[in-house]
Amino acid sequence: MLITISRYAQTKLESLDFKTKSKFLGIISRYMNRDLASNQVRKLHGENNFIRIRYNLGDRIIACLLRNPELELRILDFVSHTTMDQGRYYRNSEGVYTILDLEQTEPIEANNLEKLDLSGLWEDSENSENLESLLENSIENYFYLYSLIHETKINPYLSLAQEQYNLVNTNLPIFLAGSAGSGKTTIALYHAIAKSIETQIDSTAQKVVYITYNSFLKEYTKEIIQQIFDFEELPNLELLDYHNLEDRLGLDREKFNPQKRINQQRFIAEFCKPHFPILNGIDPIYLWEEIRYHIKGSLSASETENGLITWEEYQQLNHHYPHHQRQLYNLASQYQDWLKNQEYWDEIDSTHNLIRRLNKGEYLYDFLYCDEVQDLTAIQIHLLLKLLRPPVEGEFHSFAQFLFTGDTAQIINPSGFSWRKVKDILHHNYGQTHTWKDFHKQFDQPRQLSYNFRSTEAIVNFSNQLLTDFPNQKAFKKGGKKPLIIRNISDKELLEGKNIFGPNSVIITVNEEDKQQLKAQFDTQRILTITEVKGLEYNEVLVWNFFSRFDGWQQNPRELTAFKNNCLYVCATRAREKLYFYEATELSFWQRAELQDYLTFSENKLDLEEFFNPNITREDWRKSAEDLARQGAYLQAKENYQRGEWYKEAEEMEAKYQYSQGYKQQAADIYLKNQDITEAISILEEINNYTQIAQIWTAENELLKAAITWEKVPNYQEALVIYESLARWSDMERCARELLEWSKVAIACEHQGKWREAAVAYQESNQIAKAANCYEQALAWDKAEICWQQLQEWSKVAIACEHQGKWREAARAYQESNQTLKAAITWEKVPNYQEALVIYENLERWSDVERCARELQEWSKVAIACEHQGKWREAARAYQESNQTVKAAQVCEKGEHWLEAIQYWQRVPDTYKVALMYQRLAGQTWENLGYSAKAALAYDQGESWTKALELYKASRQWYQLAKLYEKQAEWKEAAKIWERLGEAELFERAKCLDNAKKCWTNLEEWAKVASICEEQRLYFDAGRAWEQLGEWSKAARNYERVAAWNDAEFCRRQIQE
């Protein structure tokens, strides 16, 4: 169902904020496009199909159902229940009010439904029209309910005038012209949003860009999007002002430093004022525009070396100051030289640079929207078109997709803009394409918007008389006071005692002189020249001495008239509600017949009392300041905030003003002073002052953000320290690599488990051991081996080689590190049993020797190894394998394997040994049978002394044991036994003492020998034994006992000496 809204109802809707209005319209749309309960709708009395729709318990929507030819619901008014009961609207006696209503049946869960503040919607107004009068026949008086997004949860609803509705649904390309307040910006933005959403739904990945000339318009569009969607951006819609576009295209900011950008204000202050004598009366603003639009901004200027069109080209142009043409061109040349010498630049210079850098055939966007195109030069428009996808070959009905909005009626400087010139630029870019002939005619004239939504009807009607070459506008706001002409009063008389005017009022002057005189009296920013006021709007406007200040202009009369009318039109269309003109003298212009019905005249200064003596509250200052701020008039907004004592807000306006003038650092400093860190950082990012941003984040203890920003400076050292403290190892690694701090890189990589990268970094920092360890963690054993070799860490080299299966190299490395056992084990893995065997022998690891020797079949080595292990039979067999039968027999003896020994000795042959073996075998047999004495004797006879000794001891055969000790020359042990036997067996005492004496003599135990000799009364022998010990006294006594006086005397002498 088509839903339209009467102009009267639309006026009420305008009382709602954007979001509330959108949600409310959405509720209406969803309910009107499905079946309503019959008790929600009642037909009102009358011939037409007037109905009331119950919105909630107390409020009603008045509408009418039509077919034109489709079914249309036309909303006429919003009224309260009370109003209807008072008879404001007729209803039949059968009308019944019910509980069910739209608000309560909104298809969203009740606890999630946001309560809408619609209080201003249902209030009674002064309208006295009946329903029939509201149902106007002209569809131009109605607004259409329009949804930007269909079939989605986020579904903003708008109410658009018919021409707006038609244009939002019109295919690109479009030239759109509209005067101030016509809503052309809104249309362009809505069209761009719809196109962005369309491409998202279609998943075409096409890109949309919306470009404005200045940052204020960009922020304004962002605000609208935020009002619609609760967020600032759509994924594939870029919002850019021209300077953002420069960054988007990668303008070299070292060459084009933002702090060195020259705008109009800096041009006047830094170039014109120092060169004032040579301006020769030329208006600096006019000079700026002439250079910008013509001398530098023409298409051909990009092809010259100095960026200016040639003098010959410039001569062909028409001029407001024809006598100054040469001077203007010379000033432009001097200005360009000045820029070069100061390393300054302006936006035309950057545009030339970007055009030269763009690659042919490349494009960034599929759809381009440009608002206020009249503010751009030809070369800037050319740049924008180069960013746009050109017509596609083979698609015969396609053309570049763009929408340009503009208003030639507001051109007050000699920019030379016209829609015809824009068409010429299109021809320059697309004239050779296959679809130019199909589309070029639609660019002959732009689509023209006819409604003015800003000014009252009285002001719009007057404005229409000023520009006869343009279509008349229609006013949305009906009524209003006619513009007032105050005349034939002197300046002094009019201004006497005046020092203030309303917060949403402005005085417009033609020249700077009048402006300064008025500012001296009123001390306000809201006294502006025509150039300065362009693009702004106020509730009240006073135009000061407009015509009298044009006297003396050296200009073509026809051009001057057109120029004055344009300027007057700009002044008039700044006013929303009231418009005043003050002329000190009588002027014929105001007597023109066609103006008389649209003006009122006065010669009484009291008629301006309302303008100069307003009743102003603090809240009035705030509201007017907010309005001015939305328009980008920041100094005026600042002033109004200050007058209302809203000082923090005033500071914010100063910051915004500095930003708008290109002084972004100053703007950021102000925001910081006011603790608005978000805005400050946003601006500092634009000017790449990342050092200050990082310092801010550090002060705020936002260390991660600080580190990220330090990287952008770039100050990787500061970033690295922070990342390390936060244990953000990947970020730390990145910074350390930039600084070539390889030890830091290595540490960061270790924490990430990036062992190979850590190892490489440690090598770079000459920390070879750490590098090797990391290579090991990475299982990069070949790299680890090389590192350990550098360090001569042979045990580590060996391990690395082992992991690679390089056993030979591992074994050698183990040997280098004196880890011989590991070396031997590794040699076996080669296999190199010979090397292993040698090492095992040195280590006396006989089982390992045996194993290697067997592999090598080195039987003598096997035999030796087996001997050391007590593996006598294996040793014997090995000796036999090596033809060493004697050794085989001998090891069998050692192992007491007497039968095998007999066999081997028989092979030798050695009968004696064979006999001995049999004796030993006999001993073994007696032993096994338990006959120890016989076993001992057999072992003794078989010369198996160890076993014999063992068994002699076991059977207590001391005599045989002593004798056996003697056979083995174990004299000491023999002597002990003989001595023991001497005490125990008296019947053999003498014999035993002799044996003991013999043993002790062999052992040279002379004291024992002497003692035994004395006991045997062999005193002479005892004396000799004591002499051996130097015991002269004892020796002498023994000699004397046997009358060996000479020997005794010798001993006594020894004592005396």
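Which helix gives the most to the lining of the largest cavity? Let's work up to that one by way of the sheet, keeping in mind that this is a predicted model.

Start with the strands. Six of them, to be read in the order 10-9-11-12-8-13, make up an open sheet with parallel pairing. At its edges stand strand 10 (237–241) and strand 13 (447–448); each has a single partner strand, so one side of each is left without a neighbour in the sheet. As a reminder, strands of a sheet pair through backbone hydrogen bonds, either parallel or antiparallel. If you zoom in on the strand 13 end, you'll find strand 8 (residues 174–177) running parallel to strand 13, with 2 bridges joining them. Here leucine 176 sits opposite arginine 447 of strand 13.

Now for the helices that lie over these strands. Helix 15 (residues 378–386) crosses strand 9 (208–212), strand 11 (367–370) and strand 12 (402–406), and runs at about 160° to strand 12. Helix 16 (residues 419–430) also lies across strand 12, together with strand 8, and its angle to strand 8 is about 165°.

Next, pick out leucine 249. You'll find leucine 249 in the loop between helix 8 (242–248) and helix 9 (264–272). Is leucine 249 buried or exposed? Its relative accessibility is 13%, and because the cut-off for buried is under 20%, leucine 249 counts as buried. Who keeps it company? Setting aside neighbours within four places in sequence, leucine 249 touches Leu354, Arg357, Leu364, Leu383 and Leu387. There's also a long step in sequence to notice: isoleucine 355 is 106 residues away from leucine 249 along the chain, yet their C-alpha atoms are separated by 10.0 Å.

That brings us to the empty space. Rolling a probe the size of a water molecule over the atoms shows where empty space is left. Searching the whole structure turns up 2 cavities of 30 Å³ or more, and the largest cavity holds about 40 Å³ of space. Its lining is made up of Trp288, Ile291, Arg292, Tyr335, Asp346, Glu347 and Ile348. Two or more lining residues come from each of helix 11 (284–295) and helix 14 (347–357). And there's the reply to the opening question: helix 11 gives the most, with 3 residues. Sorted by class, the lining has 4 nonpolar and 3 charged residues, with no polar ones.

Conventions:
Residues numbered from 1 in each chain as written. Predicted model: local features only at pLDDT ≥ 70, side-chain atom pairs only at ≥ 80, totals over all residues. Heavy atoms only, no water. Pairing = 2+ DSSP bridges. Helix = DSSP H or I, 4+ residues; strand = E, 2+ residues; numbered from the N terminus. Contact = heavy atoms within 4.5 Å. Axes fitted to C-alpha atoms, helices over the stretch in contact; angles between N-to-C directions. Buried < 20%, exposed > 50% of the residue type's maximum accessible area, 1.4 Å probe, protein only. 1 Å grid on protein atoms, 1.4 Å probe; cavity = no way out; pocket = protein on both sides within 12 Å on 5 of 7 lines; lining within 4 Å. Points joined across faces, edges and corners; volume = space filled by probe spheres on them. Nonpolar A, V, L, I, M, F, W, Y, C, P; charged D, E, K, R; others polar.
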